[in-house]
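Trainee: I have a new structure open and don't know where to start. Can you walk me through it?

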Amino acid sequence: MGEHSDRDLWALARGGDRAAFGVLFERHARSVYNFCFRRTADWALAEDLTSVVFLQAWRHRDMPLRGESALPWLLGVAVNVVRDHHRSLRRFRQALQRVAPPADLPDFADDVAGRIDDERAMREVLAVVAQLPIRDRDVLFCSWSGLSYEEIAAGLDLPVGTVRSRLSRARARLRELAETNGHYLSMERTPARATVGPEGGEEQ
Amino acid sequence: VRSDLRLPPKRDLPPGRQAQRKQHLMEEIARTLQVDRGRARRRARPWLAAAAVAGAALGVAVVVPVLRTGLGGAQAEAAEVLRRAARAAEEEAPVASLGGYRYTRSEGAFLSTTADGPAYSVLVPEVREIWVAPDGSGRLLQREEKPIFLGPRDRLRWQESGSPPVGGGRTSEETFGPGGLAYVDLQSLPTDPEALFESIRDRAEGTGVGDVGAEMLVIVGDLLRETVAPPELRAALYEVAARIPGIELVGQVTDPAGRRGVAVAVESDYSGALTRQELIFDPETSQMLAERQVLLEEVTWVDVQPPAVIGYAVYLVAGVVDSTEDRP
């Protein structure tokens, strides 16, 4: 089933095909996991939230998929799940209680240390990002996940022009805030890909 | 001294965890499909009065609802009392214009379970304050209190696993811009009960949960709870609740804050254990007072004799204020 497109798999899942949904999980779990981490600065929490995003997506599998990839839609679900994550976790509490405890695999000391560093670094970013309006934050995090303008628009159910203007405003403001807060802004450059039309046509 | 602001690199899930999470997802999905099939069979269970055990452990007023087994007339009775609330809402003066923020303060508790080894649970009390403007902007404050063990076995298991932190004690505060807290556009909802029923049923069916009645009651509760529902919509919501398949009258109850009200409920096992989702309201004023979750069967992950309250939320203060710094 690995060669099927997201669109085909989604159609199968809508009909109740668990295996098809499992392939979508294989394909997108890592992206959803990293998205949830960046919103919470907590790797363990991100793992539970990843489960919740896919459980929630399964509940809402009747929704039509816009575009070719399921990722924008999944991140749209994730935006809502992480927004009030106390409530989301509570809603799926009993399901999460059935997650198997971690298998007895060796811990890699440098991996553990690296994850702790990540959490500290991410908390610093979040402290600055928290000063942006929430709708700008949503767009920014989706773009950091590598979605194009069109994909963000589909995932968040917004017009493309709105995504474009929010993103440009968010980036400018973030740079300003970082400097005011005494940071150098050295974000990895992962600007949203413009798949249609030229750059620069920012809407007001 | 300026430090670098950097995005940490992306990582894989820890070794083995992605496979475990996938396995879990597949099992949970299978469960929702099974629940769907098993629903008719399980619905016949009689329901007993809430156990004093849970109430005593919570340190809150114990609710002992009177309910007959063999719930023949329960749906009709539930419908009658819900319609009384609907009429009360209809008689309220319409809200002219709702500026400012709708404020709600609630106190409650939820169960937090640790499953690394023999599972145990604690009840975490929580205070929640929310300010939400009609455009969805607002502020959310959540404070967790000290966790409570419901039974001695759970405390023992916790001690045996080295007494790790079990949650509780966290405080979170967030502010939201327009759209941040608005999950539902209330303006788009019909106030005609028939149309509203269909719209809520479609949403409940769309979740794929299988137990449509229980999901419908959750949605009605969501809309009555922390929203700016005008009286005519509130009236329609009680009308909808009266028609939910499987809704039963629990009877007169005292909510955990000591207020008299009436409880209606839907039984469900879509979360894996058989529970009752209860909605407690005052039929004379149409105000929603509280929600409760009652565990109806014995499970391995919490030391409590069913039926037992494993979660509740009491809505204490509601009103409209000018800013997210004000309280009514």
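Mentor: We'll take chain A and its helices, then some residues of chain B. Keep in mind that this is a predicted model.

Trainee: OK. How many helices and strands does chain A have?

Mentor: Chain A has ten helices and one strand. Along the sequence the pattern is α-α-α-α-α-α-α-α-α-α-β. The strand comes after the helices in that order.

Trainee: And what share of chain A is buried?

Mentor: Of its 204 residues, 53% count as buried. The chain exposes about 9,000 Å². Carbon and sulfur atoms supply 52% of that area.

Trainee: What about contacts in chain A between residues at least 6 apart in sequence? What share join residues at least 24 apart?

Mentor: That share is 67%.

Trainee: Let's do helix packing. How do people describe two packed helices?

Mentor: By the angle between their axes and the distance between the axes.

Trainee: Then try α2 and α3 of chain A. At what angle do their axes cross?

Mentor: Roughly 135 degrees, and the axes come within 8 Å. Helix α2(A) covers residues 18-40, and α3(A) covers residues 43-59. That angle makes the pair oblique. The crossing is right-handed.

Trainee: Why oblique and not roughly antiparallel?

Mentor: Roughly antiparallel needs an angle over 145 degrees, so this pair doesn't qualify. The angle isn't in the perpendicular range of 65 to 115 either, so oblique is what remains.

Trainee: Which residues meet there?

Mentor: From α2(A), they include A:Phe21, A:Tyr33, A:Cys36 and A:Phe37. From α3(A), they include A:Trp43, A:Leu49, A:Phe54 and A:Trp58.

Trainee: Is A:Cys36 buried or exposed?

Mentor: Buried, because its relative accessibility is 0%.

Trainee: Next pair. What do α4 and α8 of chain A do?

Mentor: Helix α4(A), residues 71-83, and helix α8(A), residues 134-144, cross at roughly 130 degrees. Their axes come within 11 Å. This pair is oblique too. On the α4(A) side the contact is made by A:Leu75, A:Val79 and A:Arg83. On the α8(A) side it is made by A:Ile134, A:Asp138 and A:Cys142.

Trainee: And the handedness of that crossing, left or right?

Mentor: Right-handed.

Trainee: There's a cysteine in that contact. Is A:Cys142 buried or exposed?

Mentor: Buried, with a relative accessible area of 2%.

Trainee: So how many disulfides are there over all chains?

Mentor: Zero. A disulfide would need a pair of cysteine sulfur atoms within 2.5 Å.

Trainee: Switching to chain B. Where is B:Arg11?

Mentor: In the loop between β1 (3-5) and α1 of chain B. B:Arg11 counts as buried, because 17% relative accessibility is under the 20% cut-off. Away from its sequence neighbours, B:Arg11 contacts chain A residues, among them A:Tyr33, A:Trp43, A:Asp111 and A:Asp118.

Trainee: We saw A:Tyr33 and A:Trp43 in the α2(A) and α3(A) packing. What does B:Glu28 touch?

Mentor: Leaving aside neighbours within four places in sequence, B:Glu28 is in contact with A:Leu55, A:Ala95 and A:Arg98. B:Glu28 sits in helix α1 of chain B, residues 17-42. At 5% relative accessibility, B:Glu28 is buried.

Trainee: Last one. Where is B:Glu126, and is it buried or exposed?

Mentor: B:Glu126 is in strand β3 of chain B, residues 120-132. It is buried, at 7% relative accessible area. Its contacts beyond four places in sequence include A:Arg90, B:Phe110, B:Gln142 and B:Arg143.

Conventions. Residues numbered from 1 in each chain as written. Chains lettered and ligands numbered in written order. Predicted model: local features only at pLDDT ≥ 70, side-chain atom pairs only at ≥ 80, totals over all residues. Heavy atoms only, no water. Buried < 20%, exposed > 50% of the residue type's maximum accessible area, 1.4 Å probe, protein only. Helix = DSSP H or I, 4+ residues; strand = E, 2+ residues; numbered from the N terminus. Contact = heavy atoms within 4.5 Å. Areas by Shrake-Rupley, 256 points an atom, 1.4 Å probe, with all protein chains shown as cover. Axes fitted to C-alpha atoms, helices over the stretch in contact; angles between N-to-C directions. Parallel < 35°, antiparallel > 145°, perpendicular 65-115°, else oblique. Left-handed = near helix turned anticlockwise from the far one by under 90°.
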